[in-house]
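Q: Please take a close look at a single part of this structure and explain it to someone who has not seen it before.

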Amino acid sequence: MEGEVTACDRPEANAKGRESPAQSERCLGAVEEIPDGGSRGYAPSPGGFTGLFAVRRGAQVFVYVNACPHVGLPLEIQPHRFLDRAGELIVCAAHGARFRPEDGHCVSGPCTGDALEAVAARIADGMIWVPQKAGL
Ligand code: FES
């Protein structure tokens, strides 16, 4: 992910109308960079240590802090791979906790009943925006 060019870095993404009016948000990238039914990870915000990830379900995108509520480890088993083989649940690679994509609730594993930290994301012109401090 480091050094990776996302849609936010491209000139058209920075054109007028795609900038965050409040400058309190940051752009993760385009919705279409996430395969429908799939997931994508994002590097930490500048100065931060914890990245984010998103799961896409059609036009809906669910964004979470990439830290398992069990012991805080990143969840993905490979870059951008946060879902189980069936693509139905988020799975933590460390100890196998499983989470519902739509609300981050842990349905099995060592942190059952806990939840991922959800990030309030909004989509504008096909781009995903999150609070600047998400994950910090
Ligand atoms: S760190 Fe995720 S299940 Fe242990």
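A: What follows looks at strand E3 and its neighbours, and then turns to a separate group of strands. This is a predicted model, in which local features need pLDDT of at least 70 and side-chain atom pairs count only at pLDDT 80 or more, while totals for chains, interfaces and linings use all residues. Residues are numbered from 1 along each chain as its sequence is written.

Strands here are DSSP runs of E with at least two residues, numbered from the N terminus, and two of them pair if DSSP finds at least two bridges between them. Strand E3 covers residues 52–57, and because five of its six residues are buried, E3 is largely enclosed by the rest of the structure; a residue is buried if 20 or more other C-beta atoms, placed from the backbone, lie within 10 Å of its own.

E3 is joined to strand E2 (residues 39–42) by four bridges, with the two running antiparallel, and here Ser39 has Val55 of E3 as its bridge partner. E3 also pairs in the antiparallel sense with strand E4 (residues 60–65), over six bridges, and Ala54 has Val63 of E4 as its bridge partner. E3 and E4 form a hairpin with two residues between them, and in the turn Gly58 has a positive phi of about 65°.

Elsewhere, three strands form an open sheet in the order E5-E6-E7 with antiparallel pairing; its edge strands, E5 (90–91) and E7 (106–108), each pair on one side only. Two bridges join E5 to E6 (residues 98–99), and the bridge partner of Ile90 in E6 is Phe99.

Terms used. Buried ≥ 20, exposed ≤ 12 C-beta atoms within 10 Å, placed from the backbone.
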